[in-house]
Amino acid sequence: MRATCWMGKTDVQVQQVPEPKILNERDAIVRISSTAICGSDLHLYNGFVPTMKSGDILGHEFMGEIVETGSAVKNLKAGDRVVVPFPISCGACAQCRRSLFSLCENTNPNAWMAEKLWGYSPAGIYGYSHLTGGYPGGQSEYARVPFADVNPLKIPAGMSDEQVLFLSDILPTGYMGAEMCNIQPGDTLAVWGCGPVGQFAIKSAKLLGAERVIAIDRFPYRLAVARERAGATDTLNYEEIDLYDALKDMTGGRGPDACIDAVGLEAHLPGALGAYDRIKQATGLESDRPHALREAIMACRNGGTVSIIGVYGGFIDKFPIGSLMNRSLTIRAGQCHVQRYMKPLLERIQKGEIDPSFVITHRLPLDEAARGYDMFVNKYDDCLKVVLKP
Amino acid sequence: MAMQGVEHQSVGLERRGRGDGAWRRHGNGGAQSERLASGLGWFSIGLGVAELLAPRAVARGIGLKGRGPTPALTRLCGLRELAAGVGILSQRRPSAWMWSRVAGDVMDLALLASGFAARGTNRARLAAATAAVAGVTVVDAVCAQRLTDRGRLSVQTTTEGALRVRRRITVNRPPDALYRFWRDFANAPRFMERVEAVQTTGERRTHWRAKGPGGVTVEWDAEVTEDRPNELIAWRTLDDAPFRHSGVVRFEPAPAGRGTVVTVEMDYAPPGGALTATAAKLLGYAPEQQLQEDLRRFKQFLETGLVVVAQPPAWSSRSIAAGGAR
C-alpha cells in the first residue's frame, strides 16, 4: 500500500510499504477514506521531536471503513464507517477509567523512552515518534487500529467525511482547550495561534459562552478566518501591535480571564528574544521555543487560567514562574482526551452548531502529501488545513 | 507516604521506626564503593596538583615530551582533576562527581590518542599511560554506577553481596486475580520476555526454560518457598541451577479501591559478584529495567487481556522499496 513516510528532517515521501495486519484480537484494520496533516505533524517534519526513524509512517488524523476485525471486537464489523481518535486507549486502566484517555497506562510499548524524557509515559499515539509507541500512522491507505472495541467512533449514514474527520484530533483538542478555561458569563479569552486548533478553540469558546474571544496570529488570512468563520470578536496581529498593551487596553486594564496557547514549541517572534530562542533551540540548549506561552502567562489576568494545547516536547527556559506563582494563575494542559469529546461534538455537528469543514483549504490526493507538508509549513497559498485522499 | 496496607519488610529497605514514614536503606553494599570513591578522590587531587605545578614533568612522564599538550592545557586538566577530587570528597552524594571523573578519563584518552599521531613522543611510555588511564576509566565507571545505584530503591546490594532488583506497579484488578495468574507459573512466558516455557513438575516445583545473554538457552528448576494466597509468593532456584536467584512478589490492595500494588524483589548473585552486574549494566543490560518491562506486560495482560504491540516483529528491520509510488 502507499503511505506517507518520514524520511528525515523536512523530507516526507509517499512510499510502498507492507499492508498492516491484525496483531491482536482487539485490533481492526481500517481502509482510510480521508486523513489530514496536523500542525503537530509539522513539529515532526521540522525535526523537533526526537526518536523518529527514517521510514516511519506519519498521520494521526484519519477515518475510513472497517475491513477486518480481530476476534474480540464485537461492536464493529466490516463496512462500518469510523473516525479514529489519535491517542490509543485500552479502556481498562485507572487513567482510562477516569476518562483521561491520552494518559492510558497500557498503550505505549516504549513507555521507558517517555519515562526518561518526561518522568512517566502518556498513551501511545499513531504516527507520532517512537516516544509515543512507534505506531504506524494513518496518512496511508490502511491502518491497524489497536483496541478497536473501545476507540473508534461509528459515523451515522449521511454525514460527509469532511464534517466528521476532525473529531479524530483538532476539533476535540480545540474544544478541550476552551473547556479547560472554565468559561464564566462575561469572560474574555485570548487565543494565541489561528491554525486549525486555534480556530476550533475560538469556535468552542464562543459555544461555551465566552463574551469576547480575541484571536492572535501574524497571518492576515488566518485572522480573517478567525473573525469570519470561527467567531472571534477581535483579532490582533502581533507583528503590528504590542500584544500586552493591546490586551490590557481591550480588557479594561485587567487582562483576559483565560489565555489559550494553541501554538506550541515553534513559536515565532521577531527581534532579539526570538533570535535567542532560535539559537538555543538550534544548539540543543532548549528543545522548545516557548514564546507564545510566556506571553500568555504575562497577559493573563490575576487568578486567571492559561490553557496549553499547543504541543511541547521537552525543556524551555526564561519561563515566567514568578508571574505564575505570585498572581495565582492556573495552568491546564494536556494531549486531548479525544474519546471523551467525540460523541458530544458529533451531536453538536449534527445539530448544526459547528461545521468543522470550514478550516479546510486544500484537498490533495495522498500521493501529493509531500506538497501538502511543504504548503502547510510554509503557509503557501493561504494554507490552513490539508486533507489527503488515499 | 500514603501507602496504607503495604508493609516494608524487605532486607534492603526499611522504615526507620514504626509509622515515621522515613525511608532509608541499610546493608553494607555501598561502603566499599564509598571507600573506593574517596581513594579515587584523593588520587584526583594528587594528579591535579602535579599537573598544575609541574605540567612539563607530567607530560614527559607519560611520553608526551615537547609535542604533547601545552602546559596550559595540562594545567586545565589539573584544575578539572582538583574540582572532581574536592567534589567527590566533600559531597554527600559523590556520584555526580564520579561521573565527571569518567568524563575526564574519556577526555584524557582522547588527548593520549592524539599523542600517538604526533612526532617526537615516547610511544612506550604513551602506551603505558593509555593502558593505565583505560584501567582507571573502568574503575571510575563501575564506582560511579554503584554510587548512582546506592540512592535507588530499584537496585540494591544485600548484606550477603547479592544483587537485589525491586520494582512496583499498580494494576487495576483485585489482589486475588493477580495472585492466581502469577501462581500459575505456566503464564510466565506471557509477560516475562526472556522466559520461553515453564512446566509444573511438583506441587511446589517448576522447570524453567529461558533465553540467556547472547541467545543461549538456560534451564533451571525452582521451588516455591512461601505461598500466602492473594498476598505473597516467594520462590528460589534449586542448588544446581546455572542462574541462581530467588524472588518474592507481593500483592497489596491500594487505598480506596485503586487496584493492587504489585511489588517484586529478585535477588541474584551473578558469577563474579556485584562488580560483574555493574559492568553488565554499563554495557546496557539492566535487570531492574528488564523487571520493569516484564511488570508492564503483566499489567497489560491483566488489565486488557493482551500484550500491547505497536508493529509487527519484523517491521523494525523492514526495507522500504526505493522510489515509492510517486
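In chain A, six strands form an open sheet with parallel pairing, in the order S13-S12-S11-S14-S15-S16. Strands are DSSP runs (E, at least two residues), and helices are likewise DSSP runs (H or I, at least four), numbered from the N terminus; two strands pair if DSSP finds at least two bridges between them. The model is predicted: local features need pLDDT of at least 70, side-chain atom pairs count only at pLDDT 80 or more, and totals for chains, interfaces and linings use all residues. Residues are numbered from 1 along each chain as its sequence is written, while chains are lettered from A and ligands numbered from 1 in the order in which they are written.

The sheet is bordered by strand S13 (234–237) and strand S16 (330–333) of chain A, each pairing on one side only. On average, neighbouring strands are turned by 20° against each other, direction ignored; axes are lines fitted to C-alpha atoms, for helices over the stretch in contact, and angles run from 0 to 180 degrees between N-to-C directions. At the S16(A) edge, strand S15 (residues 305–308) of chain A pairs with S16(A) in the parallel sense over four bridges, and A:Ser307 has A:Arg332 as its bridge partner in S16(A). Helix H7 (residues 220–230) of chain A packs on the sheet, touching strand S12 (212–217) and S13 of chain A. The direction of H7 makes about 170° with that of S13(A). Contact here requires C-beta atoms, placed from the backbone, to lie within 7 Å.

Between the chains, the contact takes 29 residues from chain A and 22 residues from chain B. On the side of chain A that touches chain B, S2(A) supplies the largest share, four residues.

Conventions:
Two residues are in contact if their C-beta atoms, placed from the backbone, lie within 7 Å.
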